[in-house]
Amino acid sequence: MAPYKVDRNVIKQSLTWKEVIDNLNNSYVNNKEFKSNSEGFFASFEAHHIPKVKKIMKKLNAVDAHLYVSLLINAPTLGRHSDRMGVKYWQALGSTEWQFDDGNKIILKEGDLITVGREVYHATRPLSARAGISFGFYD
């Protein structure tokens, strides 16, 4: 598999901000794995509970789904990192710039899906208020 690949506007449905905030609240209130920082970045590791996400997981043969939200432009995210398994990231709301160690930068807009192989280093930068779902899969 190539280190990463972008498919433009392939997921036609979108999440609502209500679905996003409800998932974050449910994760937080129920003491599920949840991350946040003071600059408006949030992560929920319970995105599989969102009905639309559950359907997409099935289509993608994903084993997990995480929700990533940034409310502020240029808010810090997870920084440069790699993942232990391959991921397919759906830009559900807003836009995000993805940066790779080979120097490429890719801008994802609503409906775009990027597939990133395991152990491929990358970083993200929100270009607007945004929400996205990272689907884990074995590659």
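Contact here means heavy atoms within 4.5 Å. Helices (H or I, at least four residues) and strands (E, at least two) are DSSP runs, numbered from the N terminus. Axes are lines fitted to C-alpha atoms, for helices over the stretch in contact, and angles run from 0 to 180 degrees between N-to-C directions.

Now the model itself. This is a predicted model, where local features need pLDDT of at least 70 and side-chain atom pairs count only at pLDDT 80 or more, while totals for chains, interfaces and linings use all residues. Residues are numbered from 1 along each chain as its sequence is written, and side-chain values use heavy atoms, with hydrogens and water left out.

Start with the overall picture. The protein chain has two helices and ten strands. Along the sequence they read β-α-β-β-α-β-β-β-β-β-β-β. The C-alpha trace spans about 40 × 30 × 25 Å along its principal axes. How does the radius of gyration of the protein chain agree with a compact globule? A compact globule of 139 residues would come in near 14 Å, and the chain has 14 Å, so the two agree. That radius is taken over C-alpha atoms, and the globule rule is 2.2 Å times the number of residues to the power 0.38.

Next, the sheet. Seven strands form an open sheet, in the order β1-β8-β5-β10-β4-β3-β2, with antiparallel pairing. Two strands count as paired if DSSP finds at least two bridges between them. At the edges stand β1, residues 4–7, and β2, residues 34–36. Each has a single partner strand, so one side of each lacks a neighbour in the sheet. Neighbouring strands are turned by 15° against each other on average, direction ignored. One pair in detail: β5, residues 86–93, and β8, residues 113–116, run antiparallel over four bridges. Within that pair, V87 stands opposite V116 of β8.

Now the helices. Helix α1, residues 17–29, lies across β2, β3, β4, β5 and β10, at about 110° to β4. Helix α2, residues 51–60, lies across β4, β5, β8 and β10, at about 40° to β10.

On to packing. Buried residues make up 46% of the 139 residues. Buried means under 20% relative accessible area, exposed over 50%, and partly exposed in between, with a 1.4 Å probe and protein chains only. Of the contacts with a separation of 6 or more, 70% join residues 24 or more positions apart. The chain exposes about 7500 Å², and carbon and sulfur atoms supply 52% of it. Those areas come from the Shrake-Rupley method with a 1.4 Å probe; for residues, only the protein chains shown count as cover.

Which residues of the largest nonpolar core touch the most other members? They are L15, V20, V53, L67, W90, I133 and F135, out of 20 residues in that core. A nonpolar core is a set of buried Ala, Val, Leu, Ile, Met, Phe, Trp, Tyr and Cys residues joined through side-chain atoms within 4.5 Å. Elements giving two or more residues to this core are α1, α2, β4, β5 and β10. Take I133. Setting aside neighbours within four places in sequence, I133 contacts L15, A47, V53, A65, H66, L67, K88, Y89 and W90. Apart from this core lies another, of 14 residues, among them Y4, W98, I114 and V116.

Some single residues. G86 sits in strand β5 and is buried, at 0% relative accessibility. The C-alpha atoms of G86 and P3 are 9.5 Å apart, with their positions 83 residues apart along the chain. S27, in helix α1, is buried at 2%. Beyond four places in sequence, S27 touches K32, F34, S44 and E46.

Then the loops. T77 lies between β4 and β5 and is buried, with 18% relative accessible area. Leaving out residues up to four places away, T77 touches F41, S70, T124, P126 and R130. G40, between β2 and β3, is buried at 10%. With the same sequence exclusion, up to four places, G40 touches V69, S70 and L71.

Last, two backbone points. N9 is not a glycine, yet has a positive phi of about 50°. N9 lies in the loop between β1 and α1 and is partly exposed, at 39%. E119, also not a glycine, has a positive phi of about 65°. E119 belongs to the loop between β8 and β9 and is partly exposed, at 42%. G40 and E119 are 79 residues apart in sequence and 27 Å apart in space, C-alpha to C-alpha.
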